[in-house]
Amino acid sequence: MPRLSVWFVRAALIYLTLGFTFGGLMLANKGVPIHPLIWRLLPSHIEFLLFGWTIQLAFGVAFWILPRWQTQRGNVRPAWAAFLLLNGGIWLVVAGSWFNWPAWTLVSGRLLETAAVAAFAWHAWPRVKPWVEGSP
Amino acid sequence: MPPITRLFIKASLLYLVAAFFVGVILVLRPMYDLPAITAGFSPIYFHLFMVGWVMQLIVGVAYWMFPKWSKTQPRGHDSLALATFWLLNAGLLLRVVAEPAQMVSAWTGWGWLIVASATLQWLAGLAFVANTWPRVKEK
C-alpha cells in the first residue's frame, strides 16, 4: 500500500473511532438521558463518518488500486492536496459546530472539502483507463 | 473469498434489502394509518443502510483485501474479526427493536437495551479498528 493510502486509511480509521464514539454516546443518551449537550455531537458524528471515514477510505483505496503506468501513479500532488484539504475542511466544519463559530467557518470548511474532492478527481481521472497488456 | 468476508457481505446484503423495505414503510406512513411504532423508523432506516450495509460491506472487503499482516496471521486476529461481526449485528438488531419500541412503550428496560445496543456497536467499531490498523502499512 503506498504511503498516501496509509495516511488516508489510518485517518479514516481514526474518524471511524471518533464517529462511532459520538454516535454511541448519542444513542445511549436516547435510551437513558445523560446530558442534553450530547446532542451537539450530531453534526460532528455525521461529518466524521460520512467524510472522515467513508470518503477518506474510498480515496485511500482508490489511490492504491486504480490502474497505474508501470509503477507510477501519475501526478500525486493533487491527491496529497486532497488529503490535506479534506482533513482541514472536516475540522473547520466540526470546530465551527462545537464552538458556535461564525457561519463563514462552515462555508470555508465546505469549500476546503469541495476543493479536496475536486483535487482527488483531478488526480484519479487519467487513471480510470482501459487495461493495457503489461500494465499492473 | 474468506468465510468471515462471506459472513459480512451476505449480512450486508440482507440489511440492504431490510433498509429498502423500511424505506417503503416510511413513504407509506403519511398515506395510511400505520401502527404508531413506525414513527421511530427514520433513524432505523438510515442506520440499517449506513451501518448494516455500507459499513459491513467495507469491513468484509477490507478483511479480505487489505495487505497481509503476517505469514502466520495474514488477516490479523480472526477472533477480533468475528467479534466485530457479532457485536455489530447484535447491537444493530437490538437498536432496530428497542428504539422504535421505546417510543410506544413505557417500559424503562427499552432505554437500557438502547444503551446496550450503543455499547455493542461501539465495541464492534473498536474491534475492527484494532484488527485493521496493523494491516494498513507501506509495502
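**Exercise 1.** Is Trp80(A) buried, partly exposed or exposed?

*Solution.* The model is predicted, so local features need pLDDT of at least 70 and side-chain atom pairs count only at pLDDT 80 or more, while totals for chains, interfaces and linings use all residues. Residues are numbered from 1 along each chain as its sequence is written, chains are lettered from A in the order in which they are written, and side-chain values use heavy atoms, without hydrogens and water.

Step 1. Buried means under 20% relative accessible area, exposed over 50%, and partly exposed in between, with a 1.4 Å probe and protein chains only.
Step 2. The relative accessible area of Trp80(A) is 31%, so Trp80(A) is partly exposed.

**Exercise 2.** State which residues of H4(A) are buried and where they sit around the axis.

*Solution.*
Step 1. Helices are DSSP runs of H or I with at least four residues, numbered from the N terminus. Helix H4 of chain A covers residues 103–124.
Step 2. Its buried residues are Thr105(A), Gly109(A), Glu113(A), Ala116(A), Ala119(A), Phe120(A), His123(A) and Ala124(A).
Step 3. These residues cover an arc of only 130°, taken from the directions from the helix axis to the C-beta atoms, which puts them on the same side of H4(A).
Step 4. The face turned away from that side carries the exposed residues Ala103(A), Trp104(A), Leu111(A) and Trp122(A).
Step 5. The cover over the buried residues includes helices H1 (3–31), H2 (42–65) and H3 (77–99) of chain A, where contact means heavy atoms within 4.5 Å.

**Exercise 3.** Classify the aromatic pair Phe8(A) and Phe120(A), and place both residues.

*Solution.*
Step 1. Rings of Phe, Tyr and Trp (its six-membered ring) pair if their centres lie within 6.5 Å; planes under 30 degrees apart are stacked, over 60 edge-to-face, and the rest tilted. This rule gives 20 aromatic pairs over all chains.
Step 2. For Phe8(A) and Phe120(A) the centres are 6.2 Å apart and the planes stand at 85°, so the pair is edge-to-face.
Step 3. Phe8(A) belongs to helix H1 and Phe120(A) to helix H4 of chain A, so the pair ties together parts 112 residues apart in sequence.
Step 4. Phe8(A) is buried at 0% relative accessibility, and Phe120(A) is buried at 5%.

**Exercise 4.** Classify the pair Trp80(A) and Phe83(A).

*Solution.*
Step 1. With 6.5 Å centre to centre and 80° between the planes, the pair is edge-to-face.
Step 2. Both residues lie in helix H3 of chain A, three residues apart, about one turn of the helix.
Step 3. Phe83(A) counts as buried at 9% relative accessibility.

Notes:
Helix = DSSP H or I, 4+ residues; strand = E, 2+ residues; numbered from the N terminus. Expected span 1.5 Å × (residues − 1).
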